[in-house]
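Got the viewer open? Let's take a walk through this one, one selection at a time.

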Amino acid sequence: MQYDQHLVAKPWSDYELLDSGENMKLERFGDVVVARPETQALWSTRRPELWQTAHAVFASGDKRGAWQTTAPVPETWPLGWRDVRFTARLTGFKHTGIFPEQEPNWEWLSARLGHARKQPGRPEGGDPRTFSQHAPGANVLNLFGYTGIASLVAAQAGAFVTHVDASKQSLDWAHDNARLSQIPEDRIRWILDDALAFVKREVRRGAIYDGIILDPPAFGRGAKGEAWKIEESLAALLRELAKILAPMSGSFMLLNGYAAGYAARSFAQAVESAFPSVEGECGELLIRESGSSRTLPAGIYVRFVR
Ligand SMILES: C[S@@+](CC[C@H](N)C(=O)[O-])C[C@H]1O[C@@H](n2cnc3c(N)ncnc32)[C@H](O)[C@@H]1O
């Protein structure tokens, strides 16, 4: 495993980190500028004059925070990354539906799967669970898929995707994003389920995937209320995933983490326990501030290709 291979998300037309500091970050999502709490930002802001341009500020109160708008913000608004389209919205948990630090991972995913771009559709009679045995074109599993950007990137690069999330609201948002991106309906299976329960069923069914992406939260709930606690559940999930990742060379896994406070090395060593022979890389996911070399630590990742 190669450690400390940090990945830096650069600004793109629909996103930039404008400034950060004093436990806050100032970002532009399309035409909307938002200021949100950011515990990593222990430093001083660089461009104090810019903060007045924020359309919305997430103010943390004693209990839960709330958005305060100083200019009209639509309920949802469209954004894009390359050919993928998705909507942003101000959610009650200070999120916007996009984790921009994932940009280098989208790039990697797109490049890995790019060779399959010309696949016209699922092969006739092809079972999606064993697609890799029927034709070129990867069969990708995205767990904890949230608003689905990684699923859309994979599908646009030619993969058939199984997207799993325990929240109906997130699943509907992801499906809407797929329609906005004009991804054919047969490219993505939408599964409302607990990630671990679904993977255990896939093991029993003998499913095989060419690529697995997962972005588990520190704590979560399955579709039937199953508790997800990263300190207990991650190792169990990785052990099950080792049974459904295709053994052939070229198959891949991408594990993301954020907010749980774990070091990339901890995630990497958990991956190595479940997949002992793999050679991969891990590190921090950073977002570069526009017009500066300063970067904001926003998460961790581990990835490997067999
Ligand atoms: C950290 S976000 C994923 C971020 C996303 N992959 C991205 O890059 O934009 C966590 C997601 O996991 C889902 N979730 C939480 N617990 C779950 C569980 N036990 N099984 C499946 N999904 C779960 C939540 O509904 C949420 O959509």
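For this tour, a residue counts as near the ligand if its C-beta atom, placed from the backbone, lies within 6 Å of it. Keep in mind that you're looking at a predicted model.

Start with the ligand and bring up what surrounds it. You should get 22 residues, with Phe-144, Tyr-146, Ser-167, Asp-215 and Gly-220 coming nearest. Colour that shell by residue type: ten are nonpolar, seven polar and five charged. Now switch to the cartoon to see where the shell comes from. Helix α2 (149–156) and the strands β10 (160–165) and β13 (219–221) each supply at least two of its residues.

Next, follow β10 out into its sheet. This is an open sheet of eight strands with mixed pairing, and the order reads β1-β16-β17-β15-β12-β9-β10-β11. Select β1 (7–9) and β11 (188–192): these stand at the edges, and each has a single partner strand, so one side of each is left without a neighbour in the sheet. Look along the sheet and you'll see the twist, which averages 20 degrees from one strand to the next.

Zoom in on the β11 edge. Here β10 and β11 pair in the parallel sense, over five bridges. To get your bearings, pick Val-164, which stands opposite Ile-191 in β11.

Now for the helices. Select residues 168–180, helix α3: it lies across β10 and β11, running at about 165 degrees to β11.

For the last stop, select residues 264–274, helix α6. This one lies across β15 (252–257), β16 (280–288) and β17 (295–305), and runs at about 15 degrees to β17.

Key: Residues are numbered from 1 along each chain as its sequence is written. This is a predicted model: local features need pLDDT of at least 70, side-chain atom pairs count only at pLDDT 80 or more; totals for chains, interfaces and linings use all residues. Helices (H or I, at least four residues) and strands (E, at least two) are DSSP runs, numbered from the N terminus. Ala, Val, Leu, Ile, Met, Phe, Trp, Tyr, Cys and Pro count as nonpolar, Asp, Glu, Lys and Arg as charged, and the others, Gly among them, as polar. Two strands pair if DSSP finds at least two bridges between them. Axes are lines fitted to C-alpha atoms, for helices over the stretch in contact, and angles run from 0 to 180 degrees between N-to-C directions. Two residues are in contact if their C-beta atoms, placed from the backbone, lie within 7 Å.
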